[in-house]
Amino acid sequence: IHIDVDAHRPGSEAYVIANLRQMDGGRLINRRFSARYIDKWSKRDGRWAIDRRDCIVDFSEVREVTALGNDERSARDASDPSYGVLKEVK
């Protein structure tokens, strides 16, 4: 992440890699994207917020993969280990 805090036009650039998997006719397909979020920010009511976000996809690929297995602790709920470390944003 690169953040430029300027009183008149603060902005940031964040790199992201996304992997999306789905079954397609018995084959496991992985779609991978490497991208950047280009954000313009402003401060409202004492809190920073994104006013505009552009997503620039620099690289993408689609390919068949073989699953290696998943960590049984991985969950999208309060049982995931991240909930014990990260606090809820209010």
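Which residue forms a salt bridge with R27, and how far apart are the closest N and O atoms? I looked this up first and found that the partner is E64, with the closest N and O atoms 3.7 Å apart; a salt bridge here is a side-chain nitrogen of Lys or Arg within 4 Å of a carboxyl oxygen of Asp or Glu. R27 lies in strand 3 and E64 in strand 4, so the pair ties together parts that are 37 residues apart in sequence.

Before going on, I noted that this is a predicted model, in which local features need pLDDT of at least 70 and side-chain atom pairs count only at pLDDT 80 or more, while totals for chains, interfaces and linings use all residues. Residues are numbered from 1 along each chain as its sequence is written, and side-chain values use heavy atoms, with hydrogens and water left out.

Strands, I noted, are DSSP runs of E with at least two residues, and they are numbered from the N terminus. For accessibility I used three classes: buried is under 20% relative accessible area, exposed is over 50%, and partly exposed is in between, with a 1.4 Å probe and protein chains only. R27 counts as partly exposed because its relative accessibility is 39%, and E64 counts as partly exposed at 47%.

Next I searched the whole structure and found nine salt bridges. One of them joins D39 and R53, with the closest N and O atoms 2.8 Å apart. This pair links distant parts of the chain, since D39 is in strand 3 and R53 in strand 4, 14 residues apart. D39 is buried, with a relative accessible area of 4%, whereas R53 is partly exposed at 44%.

I also noted a salt bridge between R73 and D71, whose closest N and O atoms are 2.6 Å apart. R73 counts as exposed at 52% relative accessibility, and D71 counts as partly exposed at 36%. In addition, E13, R36 and D58 are linked in a network of salt bridges.

I then returned to R53 and found that its charged end sits over the ring of Y37, 4.1 Å from the ring centre; this requires NZ of Lys or CZ of Arg within 6 Å of the ring centre and within 35 degrees of the ring normal.

For the surroundings of D39, I listed contacts, meaning heavy atoms within 4.5 Å. Not counting residues up to four places away in sequence, D39 touches P10, G11, S12, I50, R52 and R53.

P10 was my next entry, and I placed it in the loop between strand 1 (2–4) and strand 2 (11–24). P10 counts as buried at 10% relative accessibility. With residues up to four places away in sequence not counted, P10 touches D4, V5, D39, K40, W41 and W48. P10 and A49 are 39 residues apart in sequence and 11 Å apart in space, C-alpha to C-alpha.

Which side chain of opposite charge is nearest to D80? I found that it is R76, 6.2 Å away, and that D80 is buried yet has no salt bridge; Lys and Arg count as positive and Asp and Glu as negative, with His and the chain ends not counted. D80 lies in the segment after strand 4 (47–64). Not counting residues up to four places away in sequence, D80 touches R73, S74 and A75.

Definitions and conventions. Helices (H or I, at least four residues) and strands (E, at least two) are DSSP runs, numbered from the N terminus.
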